[in-house]
Amino acid sequence: MAAQDVSINISTQPAAIVKGSSSGRLIVDICNNDGGTRVAAANKLRPLISFPSSLIGNTVVPIAISGWVVLSNDGQNIRLENSVALAPGTCSQIEIGYTGIAVGGPLTITGTLGFNGPQTTGNLTGNDNSTTSVTVYLDTDSDGIGDIIDLDDDNDGILDTVENAQLSSDTDADGVPNRIDLDSDNDGIRDVAEALGVDLNEDGMVDGAVNAQGVPLAAAAGLGVIPPDADFDGKPNPYDVDSNNDGISDLLEAGLNPNWDINNDGKIDCTTNCDTDGDGVPNIADGSSGDWKAAPIPDLTPTTEINSLEFAGAASSRDIIVNVFEKNDVQNIPGNIIGFRITKISGFDITYSLNTGSSNVSGVTNNSNGDWTFSENTFFITVMAKSGISIPPNSFKKIGFTVTRKEGIPANTTQNITVTILYGSAGEGKVDNNIVQTQVTAN
């Protein structure tokens, strides 16, 4: 009578996974090689699968185990037992999942076939063990090309060789090398933008697919761009905080919040907890500080609405609406103020209601005054959003005022009503669109 040999074979699919990915799979095939009629009884087979904890930690989970039960699983070693008999000449397949925790490999995964009691009659011990390997690799930009072979690790369109060849391979000394730093000089402007790349979604990476070497196809047809050096000082723009050498930092020239750079060194100020996700973009300028990639932050801008700009006669008045727009289609960042101020002018009084109501602009227009607090001093009316109030993404809030011509103002007096969004409102960074002026005339 033929021997009843039971074998185990394991294989990884795929053999390598990205760090942080839970897509790792191990396929285990248990086969009853008996050529006759003998089954492998239920509760007889007890395979043990052991994983390298240095790569996968304690992340082992059963995925598909029909006909099997888990006897033990500490996240590194999993032992199962067949709950269904295995017929002669058939195999049963088990699927086990795991997550890549640390970069390394290839390291060995071992499958050992054990038994509940004596081995099956005639079992050949030579196929009671099986090994395979697993590798965990880094793919910083998640383009499917591991950093080890990726010629542009951060997909900014600039080859790693170019980024490594700068005066420093970590220009801004933030601990993130240029090759995986989306803002290598910490000036608040993404490298892809300073290299004149296309990044419509503002994630810091060139839009579109990459080639087999991990270089965006839109970056010089996959060859990688040579970033411009506007002032010819040997420091290309992505690595130069004053790229035209005019004495004004790129941060200010880009219209970014000057409060980001109080010490005026051309870089965003920060000393602790600066870049949570390690993409080289300081949290204050990154709408996605929880994962490696950049994202846009809010951008507020004001406009005004008024039926007429001319005021005929003393004490004549008109309603005016201030619209506060969020134009980047981004949620306001919690913990930031939202506010604006109106500069007082000598020829006209500007008043307001503390309650939500309507304004006589374009017929009748509802305002949101009740959502705001109002305060005044000699020079300004300051309007601040109440707790819990935000500007909807890609939308606006309307705040109503009344403008009244003062007594004794000469005819043909023209003055500007100036509305200014306060720096940092809603967590915005761009401030060069924070002012609107509306010219009114006493006729």
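## Sheet, cores and salt bridges

Pro-47 has Leu-113 of strand 9 as its bridge partner. This is a predicted model. The two strands concerned are strand 4, residues 45–50, and strand 9, residues 104–115. They pair in the antiparallel sense, over six bridges.

Both strands belong to an open sheet of six strands. The order across the sheet is 2-10-9-4-7-6, and the pairing is mixed. Strand 2 (16–18) forms one edge and strand 6 (68–73) the other. Each of these edge strands pairs on one side only. On average, neighbouring strands of the sheet are turned by 25° against each other, direction ignored.

**The cores**

The largest nonpolar core holds 29 residues. Those with the most contacts inside this core are Val-324, Phe-340, Ile-342, Trp-372, Phe-401 and Ile-417. A second, separate core has 26 residues. Leu-113, the bridge partner of Pro-47, is included in this second core. So are Val-28, Ile-30 and Tyr-98.

What does Phe-401 contact, leaving aside its neighbours within four places in sequence? Its contacts include Phe-340 and Ile-342, two residues that are also listed for the largest core. Phe-401 is in contact with Ile-320, Val-322, Ile-350, Phe-374, Ile-381 and Val-383 as well. Arg-318, Asp-319, Thr-351 and Tyr-352 complete the list.

**Phe-311**

Phe-311 lies in strand 12, residues 310–311. Is Phe-311 buried or exposed? Its relative accessibility is 1%, so Phe-311 counts as buried. Residues up to four places away in sequence are not counted in what follows. Phe-311 touches Ile-306, Ser-316, Ser-317, Arg-318 and Phe-348. Val-403 and Arg-405 are touched too, as are Val-440, Thr-441, Ala-442 and Asn-443. Arg-405 is 94 residues away from Phe-311 along the chain, yet their C-alpha atoms are separated by 6.7 Å. Arg-318 appears among the contacts of Phe-311 and among those of Phe-401.

**Salt bridges**

Side chains of opposite charge can pair when their charged atoms come close. How many salt bridges does the structure hold? There are nine. The table gives three of them, with the N to O distance and the separation along the chain.

| Pair | N to O distance | Separation in sequence |
|---|---|---|
| Glu-305 and Lys-398 | 2.5 Å | 93 residues |
| Asp-371 and Lys-397 | 2.9 Å | 26 residues |
| Lys-406 and Asp-349 | 3.8 Å | 57 residues |

Take the pair of Glu-305 and Lys-398, whose side chains meet in a salt bridge. The pair links distant parts of the chain: Glu-305 is in strand 11 (residues 300–306) and Lys-398 in strand 20 (residues 396–405). Glu-305 has 21% relative accessibility, so this residue counts as partly exposed. Lys-398 has 17%, and therefore counts as buried.

Lys-397, which forms a salt bridge with Asp-371, is in strand 20 too. Its relative accessibility is 17%, so Lys-397 counts as buried. Asp-371 sits in the loop between strand 17 (365–366) and strand 18 (372–376).

Lys-406 pairs with Asp-349 in a further salt bridge. Where is Lys-406? This residue lies in the loop between strand 20 and strand 21 (413–421). Asp-349 is in strand 15, residues 348–351. Lys-406 counts as partly exposed, because its relative accessibility is 26%. Asp-349, at 37%, counts as partly exposed as well.

Key: Residues numbered from 1 in each chain as written. Predicted model: local features only at pLDDT ≥ 70, side-chain atom pairs only at ≥ 80, totals over all residues. Heavy atoms only, no water. Core = buried A, V, L, I, M, F, W, Y, C linked by side-chain atoms within 4.5 Å. Buried < 20%, exposed > 50% of the residue type's maximum accessible area, 1.4 Å probe, protein only. Contact = heavy atoms within 4.5 Å. Pairing = 2+ DSSP bridges. Helix = DSSP H or I, 4+ residues; strand = E, 2+ residues; numbered from the N terminus. Axes fitted to C-alpha atoms, helices over the stretch in contact; angles between N-to-C directions. Salt bridge = Lys/Arg side-chain N within 4 Å of Asp/Glu carboxyl O.
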